[in-house]
Amino acid sequence: MTDLGSAHVLVLGATGGLGGAIARRLAASGARLTLSGRDEDRLRSLAAQLGEVGPDAVVTTVAADLTRPDGPSSVVRAAHDAAPLTGVVNAAGVVAFGTVEDLDDDTLDEVLLLDLVAPIRLARAAIGVLPEGGFLAQVSAVVAEKAMPGMAAYSAAKAGLTAFDAALATELRRRRIRVLDARPPHTETGLAARPVAGEAPRLPQGLDPDAVAARVVQALAGDERDLPSSAFTA
Ligand SMILES: NC(=O)c1ccc[n+]([C@@H]2O[C@H](COP(=O)([O-])OP(=O)(O)OC[C@H]3O[C@@H](n4cnc5c(N)ncnc54)[C@H](OP(=O)(O)O)[C@@H]3O)[C@@H](O)[C@H]2O)c1
């Protein structure tokens, strides 16, 4: 078991639907958090809310754009300088809709940079500071298991991330740093309503973000190494 009560966890995408719910669940488990997103004001307001869960819940906030080459490493450095890190949860991401014919370069760049390249840069930075017994959790998506037409770039980015996580998990086994790849199904965070391109198709009712967050935090505490989409609906 991982004692979250003694952990300092960096949560990226903390201003988002899933990241915020994961941060609240971690804080309720007694973890101390560094919160990261792009908007400092929203980070401060989340930190104030979490301060009500526990006065020491938030170590610091770090605003950064993860699509910049130095974004992921600068966030890890700032968090670790504030207090030694024991875990990292990456819930930053964007989605894009539309056919491959309509996929323009800016959209392709943004989706691949944030959903695939940034998590790889983040992992590279995190494994330089995480201790034995530490963890890195990456929020991939169900489309990593079943690619969706009209979401080809997003599906490719998430499938790439899940493949990366599997290779990294094996590399880090001897160092006892755990990599958790989580692949939730559609969840009602509003992500699909703010795509970087295109328009979402009609989607069935998604999962409750708090239930998804609870399952991720349960996996972190319980030393799980993989959260396939089926783990969220069982
Ligand atoms: N919702 C779903 O149906 C679903 C299902 C499976 C997997 N996921 C994955 O779960 C993760 C979180 O999604 P969500 O539903 O919580 O979406 P969300 O509510 O839109 O949150 C996205 C988060 O990513 C951050 N972000 C966006 N662009 C960024 C950038 N360039 N640099 C740094 N941070 C950036 C946002 O920060 P700002 O506040 O600065 O915009 C926000 O904190 C994503 O990776 C998504 O692919 C979502």
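Me: What is a polar contact, and which ligand atom pairs with the side chain of K158?

Reply: A polar contact is a pair of N or O atoms within 3.5 Å; within protein, one must be able to donate a hydrogen and the other to accept it, and residues adjacent in sequence count only if both atoms are side-chain atoms. In this predicted model, local features need pLDDT of at least 70, side-chain atom pairs count only at pLDDT 80 or more, and totals for chains, interfaces and linings use all residues. Residues are numbered from 1 along each chain as its sequence is written, and side-chain values use heavy atoms, with hydrogens and water left out. Here an N or O atom in the side chain of K158 lies 2.8 Å from an oxygen atom of the ligand. A polar side-chain atom of R38 is 2.7 Å from a ligand oxygen, and a backbone N or O atom of G13 is 3.2 Å from a ligand oxygen.

Me: How much of the ligand's accessible area does the protein cover?

Reply: Accessible areas come from the Shrake-Rupley method with a 1.4 Å probe; for residues, only the protein chains shown count as cover. The ligand on its own has 890 Å² of accessible area, and the protein covers 93% of this.

Me: Is R178 buried or exposed?

Reply: Buried means under 20% relative accessible area, exposed over 50%, and partly exposed in between (1.4 Å probe, protein chains only). R178 is buried, at a relative accessible area of 5%.

Me: Which backbone oxygen does the side chain of R178 reach?

Reply: The R178 side chain reaches the backbone oxygen of E224 at 2.7 Å.
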